[in-house]
Each structure stands twice: as structure tokens, then as C-alpha cells.
Amino acid sequence: MDIDVKNLHPLEVRLLRAVKMGEDITAERIIKELDYKVGQCNQAFSWLSAKGLIVEKNRVKYAFYELTDTGKSQAELGLPVERIFTFLKENGAHTLPEIAASLSLEQSDVGSSFGQLSGAKCAALNGERKAELISDSLPNDVVIARALINKALNAPLMEADLTKEEKNAIKGLAKKRGAAASTFKYVEKEDVTYTLTSDGQEVKDALLKANITGEEFGLLTPQMIQSGSWKNGTFRPYGLNAPVSRIIPGRTNAYGDYLMWVKDKLVSLGFEEFDGPLVENEFWNGDALFMPQFHSARDIHDVYYIKDPVHCKEIEEPWLSRVAKTHEDGGDTGSRGWGYTFDHEFTRRQVMRSQGTVLSAHQLPKAKVPGKYFGVARCFRYDQVDATHGADFYQTEGIVVGKDVNLRNLLGLLKMFAEEVAGAEEVKYVPGYFPFTEPSIEVHIKHPKLGWFELGGSGIFRPEVTRAMGLDVPVLAWGLGIDRMALMHLGLNDLRELFTPDIESVRMRRGN
């Protein structure tokens, strides 16, 4: 045994002195005999197990149901379904809103409870759309649920003791973590039994021989000095060789700092920041950017759809009409458009923002001439996650509006992002294609480990985009992957390291 008994914690000392070889050691026993709290008991078990002084003998898992505050209220007032049944029995047919108002119940509770009565052939809606009883008896599962509630007032209900019918009845009334509106809280627990090891007995004997009780003072306080109580006890020895606690100063996230640095740099260059919601509609996410509604990027494998609500209420005018006209025949933009009938239902469909360019589309109708704007946008697009791709990612998006802006200005901006913001030493520009820009340029940078990869796309907005939004001057636009720029700037080799839950990895990037 290589344990200095003087360094044992008082919780460990008192527990070891209280048990004997061959006895069962349980949390229930220690809490009762030593007046430990549950947390103290678990901590002592953990420490002693790690030292090999006690060993697990048995482990029993079980589950039970106990009433929540809602359940206790329902025990007194009745379940919503019981109250509705009684109300209809005493007052006759009523509409569901009338029932909710009369009983001070939520509409959702009334709807689900009436559905339960209706499914059990106990109630139905009559010709006036009013609920009325068609049976004099409550559904059997409600009767069983009432009996379980009454029983649970005295003690929790052990799952193993419930019949199949009782389990079915209680299933819809219970939540695992006891949601506030549920009747029962479902609790899973396990009882662990420990026993003293031979090393544990040896340590206990050493404690008794050294007369260490676990009641020793660990701290000298002003109150102890004033009262003189320190004279009547002994103190725990100082462990001069014990490791000190690690002091970790609070720090901001390295990637968060980088995003702020990029914003500060653009603001210092005269750019104004814009922002927008994560949930967009197909109009601003693609239609306003002259992306045809049959474009492959609209496929479900690239865009995440919103399930509820599926559509937004309306699209702002006159932009909807102008954009629709541009898609169909070019409108007044000088273009022939895409030559199809614009779908006004499709354009209202809601999606998760798939590209930062949607922010630029929003900004065009209110942009000043001249004007410079940027945003840092979180985007969502189905993709295979790897070192340079993510299913959600950040883009830095921006536009420059002016009568004299040209391709040379755009190349200068791309050079700044690639060299100054990303820190790349090797950069190349290649032709690209986007439905909303002409010409279109992709900028690529070379990573020391990952090699060449695309930083993002850029170009000059087509007249079909700008004129539909009331602008008749050139507009430079870019949408660059700021996550990828951060790889270079922070010296990382994998995008996933930017969002790691490993706090030690984050600290190392901060230099501590």
C-alpha cells in the first residue's frame, strides 16, 4: 500500500472508519449513518474506488415514476380529459374554445383531450361543430391513469410493478426529465453496492493507529480564533508536495477573435456592415439573384427546407413583380430572361440561408451610390464534411456600388482578402460561372498542407440583378469562405478544428 493516510480527505476518512470488512457499503447507508449529502457520498465512493480501497460488489438499475407539480395539481383538480368529460356531462354541448375558456385550459390541452375522448367513442362533434358526450363512461385508460395518480401521491410508482395496461396508460403522461406540463417524471436510477478491499482495511487500521478521525480542522477562520475553538481540535497537515490547482484565465475563442478582426479591418476601409436572418425564402436566396427556379442548386440535396411554416406570408413589392418579369422575359434589363413562367408559390418557400449573397440581394434596393457593404454570414448547405467542407459555414459577403468600379477594383479586393486577411503566399484567379455575375472569378489559395483550394467566388452583378432592384450602376460582389481563410491565418489543417468541443485544443491555439 502506497498511500499517505494523512492526505486522505475527511469524507474518505470518516467512511473508512465507519465500515467493516465484508459489509455492504451503499449510498443509503452512508447518507443515514454519516449524514452525508448525495454529492458527498458519490465523491467519497469515486475517490476510494480510484485508490482501490473499496470495490464495486453489485449494481442494480431500476426506473420509477413520480408526480410533478402539474401532476399534483391534476390529482386535486383532475386531468384535463376528466374535467372536460365532467363539464360536458353537466353543461351539455359546447365548442372547444368555450370549453377552454370555461375551464381555464390551454387550447392545445382541450384539443388533445377531446381527441382522446373522440378516439375512445366517448365524445364527438355534432352538426353545430360542438363537442358532446356519446358515452356515460370515461375511457378505460383515463380511469387507470386516475388510479395511478392517486397511488403516486403516497410513493413513486416502480416501473417493474406496473401492469401492461398501467404502463400504456402512464406512457403518454410522463416525460423523462419531467417537463413542466407533464403529469409524471420518469426517473432512471441505479443502486451500487461496494465492499472494503484488503488495502482498504489496511488503510483503515493505519487511520485508527494514527488517530485520524476525519473531524480535523482544514481551515483556520477568524471566528475560530475569536472563540478559541481551535484549541480543542487538531488540524489536517499541509501537503507541501501536493499539486496546486491549475489556474486557467478566461479567454475569447480564437476563431471568434478572427471574425472580429476581419470585421474591424473592413470597417476601417470604409465598409458598412449588413446582416440578415438565418431563415430566408427562395426569393431572396435565389430568385432575386437571377438564379432560375429550376437551377440544380435549388435541389433538396443542396438546400435545407423549413418544415413549418413551409412558406413565408408575402414577398415585398415592387421587387417581386420586377424579379418575376426579369426571369420570364428580361423585363427592362435588356435581357431575354430565362423564358419560363415564374412560380409565385415556389418563391415563398422557406429555406436555411445557403449563401451569403442573399445579404447583398437585400442590400441592393437600399444601397447608396457610391457605397461599400459587407457581412459575415453563417450559411447552411448539404455537403460531405471534411477538412475543407462543412454542412454549415461562414462566408464574408460584400458589394461595392459605384459608377466607375470595374474588374481591376475587384481583383484588388480579392488580393487583399487572399494575402492580408487569409495570409496566403500563393494565389491564383480562375474564370468561374454564377447565374448572377458576369464576368465571374474564383480565387484559389495554396495551403501548406491541404494544397490548392477555392476561397470563394466573385464578379460584377448582371443587370438582371441590379436593375430589377432599382440600381443602374456597376456592382462588384464577392462571397468568400471565411472559415477557409481562418485555416491559413490560424495555422490549422482542418476546418473542424475551428468548432471543436475540445477546450484544450482551443487553449493551445490561444498560446497558453
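1. Glu 419 is partly exposed, with a relative accessible area of 33%. The model is predicted, so read every value here as computed from that prediction. Lys 415 counts as partly exposed as well, at 42% relative accessibility. These two side chains form a salt bridge, with their closest N and O atoms 2.9 Å apart. Both residues sit in helix α16 (residues 407-421). They are four residues apart, which means about one helical turn separates them. Elsewhere, salt bridges with shared partners join Glu 23, Arg 29 and Glu 33 into one network.

2. The salt-bridge count comes to 20. One of these pairs is Arg 146 with Glu 82, at 2.9 Å between the closest N and O atoms. This pair links distant parts of the chain. Arg 146 belongs to helix α8 (residues 140-152), and Glu 82 belongs to helix α5 (residues 80-91). The two residues are 64 apart. Are these partners buried or exposed? Arg 146 is buried, and so is Glu 82.

3. Glu 272 and Lys 368 also meet in a salt bridge, at 2.7 Å from N to O. Glu 272 lies in strand β7, while Lys 368 lies in the loop between α15 (357-363) and β10, so the pair ties together parts that are 96 residues apart in sequence. Neither partner is buried: Glu 272 is partly exposed at 36% relative accessibility, and Lys 368 is partly exposed at 46%.

4. Now the sheet. Seven strands form an open sheet with mixed pairing. The strand order is β7-β10-β11-β15-β14-β13-β12. Which strands form the edges? They are β7 (272-273) and β12 (427-431), each of which pairs on one side only. As background, strands of a sheet pair through backbone hydrogen bonds, either parallel or antiparallel.

5. Strand β10 (residues 371-380) and strand β11 (residues 392-401) run antiparallel, joined by 10 bridges. To check the register, look at Gly 371: it stands opposite Val 401 in β11. Helix α12 (residues 254-268) lies across β7, β10 and β11. The helix runs at about 160° to β10.

6. Strand β13 (residues 437-447) deserves a look. It is mostly covered, with eight of its 11 residues buried. On one side, β13 pairs with β12 in the antiparallel sense over five bridges. Val 427 stands opposite Ile 445 in that pairing. The two strands form a hairpin, with five residues between them.

7. The pairing of β13 with strand β14 (residues 451-461) is antiparallel too, over nine bridges. Here Ser 440 has Gly 459 of β14 as its bridge partner. Three residues make the hairpin connection from β13 to β14.

8. Two cis peptide bonds are worth checking by eye. The bond from Glu 438 to Pro 439 is cis, with omega near 0°. Pro 439 lies in strand β13. A cis peptide bond also joins Glu 317 and Pro 318, with omega of about 5°. Where is Pro 318 found? Its place is the loop between α13 (282-285) and α14 (319-329).

9. Some backbone angles also need a look. Asp 35 is not a glycine, but has a positive phi of about 60°. It is found in the loop between α2 (27-34) and α3 (38-50). Asp 35 is exposed, with a relative accessible area of 65%. Ser 104, not a glycine either, has a positive phi of about 55°. Its loop lies between α6 (96-103) and α7 (107-119). Ser 104 is exposed, at a relative accessible area of 67%.

10. On cysteines: how many disulfides does the whole structure hold? The search finds zero. Cys 379 is in no disulfide, because the nearest cysteine sulfur, that of Cys 312, is 19 Å away, against a cut-off of 2.5 Å. Cys 379 is buried, with a relative accessible area of 0%. Cys 122 is buried as well, at 4%.

11. Last, the domains. The assignment gives domain 1 as 5-53 + 197-232, domain 2 as 67-190 and domain 3 as 256-508. The C-alpha centres of domain 1 and domain 3 lie 63 Å apart.

How values were computed: Residues are numbered from 1 along each chain as its sequence is written. This is a predicted model: local features need pLDDT of at least 70, side-chain atom pairs count only at pLDDT 80 or more; totals for chains, interfaces and linings use all residues. Side-chain values use heavy atoms; hydrogens and water are left out. Two strands pair if DSSP finds at least two bridges between them. Contact means heavy atoms within 4.5 Å. Axes are lines fitted to C-alpha atoms, for helices over the stretch in contact, and angles run from 0 to 180 degrees between N-to-C directions. Buried means under 20% relative accessible area, exposed over 50%, partly exposed in between (1.4 Å probe, protein chains only). Domain bounds come from an automatic or database domain assignment. A salt bridge is a side-chain nitrogen of Lys or Arg within 4 Å of a carboxyl oxygen of Asp or Glu.
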